[in-house]
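Opened the two-chain file today and worked through it piece by piece. These are my notes, in the order I went.

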Amino acid sequence: MSEVPRSATEPGAFSEWLRRSTWVDHVLLAIRISVAALVLVGLAGGLTAGTYSAADFVSFTMFGLTIGSIYALIALGYTMVYGILRMINFAHGDVMMIGSFAGLFAAGALNDAGLVNALPLLALPLVLAAGMAGGAAMSLIIERIAYRPFLHVRSLAPLICAIGMSFVLQYAARGLFGTRNRAYPGFGWMEGTVSLFGLIVPIPQIVAFIAALIVLAGLLALVKLSPLGKAMRAVAEDRDAAALVGINVGAVIVATFAIGGAMAGVAGVLYALVFKQITVFMGFALGVKGFAAAILGGIGNLGGALLGGLVLGLAEALGPALVLEGFGLPAPYQLKDVIGYGMLVMILIFRPQGLLGERLASKRA
Amino acid sequence: MPDVLPPNRLPDGLLLDRPLPIPSRAPLLDVRGLKKAFGGMIAIQNVDLSIAEGSVHAIIGPNGAGKTTAFNCITAFVPPTAGRIFLGGERIDGLPAHVVARHGVARTYQNVRLFPNMTALENVLVGQHRRLHATFWEAILGSGRFRREEAEARARAMEYLAFVGIPQRAGDLARHMPYGDQRRLEIARALVAGPRILMLDEPAAGMNPAEGRALVELIERIRADLGVTVVLIEHHMRVVMAVAERITVFNRGAILTEGTPGEIQADERVIEAYLGRRSGQVAAAASPEPQRQMEAGIA
């Protein structure tokens, strides 16, 4: 094709775009504009309605950060496994559920032993440790059954196996633990609220947020600093080359699943502390939220999982009041999942690489 | 390129963590009756290979002769169908790839396989993976041992980057480096673990004559200064004839012949394997490149 000479009557960028674009681009642009318009209209309505005070918004934000940090913990498991295996672990949400129940049983045992009341500050770390152990153990079982047999095979079988494992776990748990909602025994000191900078914040939210930050910091330090972290990066970049410099690839994959499972276990326990009740079917919805957070931040990217979790949590917490309220909907908080899943769909359409991009896949392709 | 270091006199003694092996003619790597079949397709069979310790041994042969398959079997990258592989008298076939690597078998790839999103320095640090012993908690808490190991590993990595001639690249991402430097980096990553044998798969591919000469010099130093036995697959006959003590010729999945460079150059069968029978002028005309290479090597 010969190059078109640039003339004085060079077409503008817009007509150039019109010439090159297809109807798919037009539909996508229309969706973009309508989503933006909806959000703006809702925002304007929500801000002028005056239903909520500034203090309300701050407490929504606090709640968003808490649930966001729980999403981030779940998202890390998805993102780590994806980074190393290029596979989504669809049973990860149920790993979280198992971790949550492990925490429940530990808390029950500690309560029976009277330790929850005698040593309340020690009991919480023990319950968290039980959740981590439960999540890690479950994650290792899933790796063993659904992923290891297919390590050297290029197939989608692990995904199908993981979905199967998810149902097996849900219904096994239903048989073993029952369908009713369960609640952790009360930790005396965690009842009630504290006044923070003039705001009333429930203690469990603060505890969950801080615990999540500590665990996240530990994980990032592990990956950035330790030899294991270096080996994980190497396996993620080129599994064969990693083996040939002496890295035990199988062991690194196992460690990745264990760490991801432990993070999910922590998330399960923290969720139980904040929301007071757990069920055997909680894993599915929270798993999808964690997955959405991982995609939102850019799957395969640890910092992205953290950012995606917090953004999703904030959007869910603030969205109903800020945006949905503006349309005069009767019960905006019933619709917070619309925002969460809507964001997942929008991200997949408009920015599939996520907020922080996916370094690994881009160079692999 | 840095100046050539006199043998055995290395800066600060950091490069070597063991005495230079006394060159012996006992085989370091011994391959017996190696066979690899992919389904019904036999890639190699009846491969016997004996690599003397402290030698530079070249493997040549037309494309598809099974050279890289033999490498892949030896490094446990693919499991052999039959045969036995010994390293220093110890059987290594059947071990997982990372264990074979830990026994002291290092390699590079035909198409460079670095960790593209790591810097050159990080690539070489990963190559020292098995040398690091600090635990997770020591790493997190920044214990003395962890910091000492890290510092040592970095110093060692820099030594090896300098050894292969790319110290200025330490901070560059591997994927941003020019191809020739990537090849050198891959060699540094392979060497830093302190292997007994280094297997280079077409190290001179895509190099110009000057780079080829530098590569020959680097291989000489790897053998002389580090005491590492080198096996290389190579098509550039100039490089092969300059550097190899012994040459094994592969053809159609089996060993055609083995000998010194002089013997190989005089062997009619080798030229025939590359070019087809003398009467087959068409084959020679269709692929002038090997002929040029052979002539260059022989000249």
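Before looking at strand partners I fixed the term: I call two strands paired if DSSP finds at least two bridges between them. I also kept in mind that this is a predicted model.

**Entry 1: the edge pair in chain B.** I started with strand β9 (residues 246-251) of chain B, which pairs with β10(B) in the antiparallel sense over 5 bridges. Which residue of β10(B) stands opposite Thr248(B)? I found Glu258(B) there.

**Entry 2: the sheet around that pair.** I then traced the sheet outward and got 6 strands in the order β6-β7-β8-β3-β9-β10 (chain B). The sheet is open, and its pairing is mixed. β6 and β10 (254-259) of chain B are the edge strands; each has a single partner, so one side of each is left without a neighbour in the sheet. For the twist I noted an average turn of 20° between neighbouring strands, direction ignored.

**Entry 3: the other sheet of chain B.** Here I read 4 strands in the order β2-β1-β4-β5 (chain B), again an open sheet, with antiparallel pairing. Its edges are β2 (41-52) and β5 (90-91) of chain B, and because each has a single partner strand, one side of each lacks a neighbour in the sheet. I checked the register of one pair: strand β1 (residues 27-38) of chain B and strand β4 (residues 82-87) of chain B are antiparallel over 5 bridges, and Val31(B) stands opposite Ile85(B).

**Entry 4: a helix that meets both sheets.** Which strands does helix α1 (residues 67-74) of chain B lie across? I listed β3 (56-60), β6, β7 (197-201), β8 (229-233) and β9 of chain B, with the helix running at about 145° to β7(B). α1(B) also lies across β1, β2 and β4 of chain B, at about 110° to β1(B).

**Entry 5: one loop residue.** I picked Asn111(B), in the loop between β6 (105-107) and α3 (120-127) of chain B. Buried or exposed, and why? Asn111(B) has 7 C-beta neighbours inside 10 Å, so it counts as exposed. Its C-alpha is 9.1 Å from that of Arg183(B), though 72 residues separate the two along the chain.

**Entry 6: chain A overall.** I counted 15 helices and 2 strands in chain A. The radius of gyration is 23 Å against the 21 Å that the globule rule gives for 365 residues, so chain A is as compact as a globular protein of that length. The C-alpha trace spans about 85 × 65 × 40 Å along its principal axes, and 46% of the residues count as buried. Of the contacts between residues at least 6 apart in sequence, 79% join residues at least 24 apart.

**Entry 7: helix α3 of chain A.** Helix α3 (residues 54-85) of chain A reaches 45 Å from first C-alpha to last, close to the 46 Å expected. I found 23 of its 32 residues buried. Arg86(A) follows the helix with a positive phi, near 55°.

**Entry 8: confidence in chain A.** The mean pLDDT of chain A is 83, with 93% of the residues at 70 or above. Helix α11 (residues 249-275) of chain A has the highest mean, 91, and helix α15 (residues 359-364) of chain A the lowest, 41. Residues 359-365 of chain A are below 50, and I noted 10 contacts for that stretch beyond near neighbours in sequence.

**Entry 9: where the chains meet.** The contact takes 23 residues from chain A and 25 residues from chain B. On the chain A side, the elements giving two or more residues are α8 (203-225), α9 (227-237), α10 (239-244) and α15 of chain A. α9(A) gives the most, 7 residues.

How values were computed: Residues are numbered from 1 along each chain as its sequence is written. Chains are lettered from A and ligands numbered from 1 in the order in which they are written. This is a predicted model: local features need pLDDT of at least 70, side-chain atom pairs count only at pLDDT 80 or more; totals for chains, interfaces and linings use all residues. The expected span of a helix is 1.5 Å times one less than its number of residues. A residue is buried if 20 or more other C-beta atoms lie within 10 Å of its own, exposed if 12 or fewer, and partly exposed in between; C-beta atoms are placed from the backbone. The radius of gyration is taken over C-alpha atoms; the globule rule is 2.2 Å times the number of residues to the power 0.38. Two residues are in contact if their C-beta atoms, placed from the backbone, lie within 7 Å. pLDDT is the predictor's confidence in each residue, from 0 to 100. Axes are lines fitted to C-alpha atoms, for helices over the stretch in contact, and angles run from 0 to 180 degrees between N-to-C directions.
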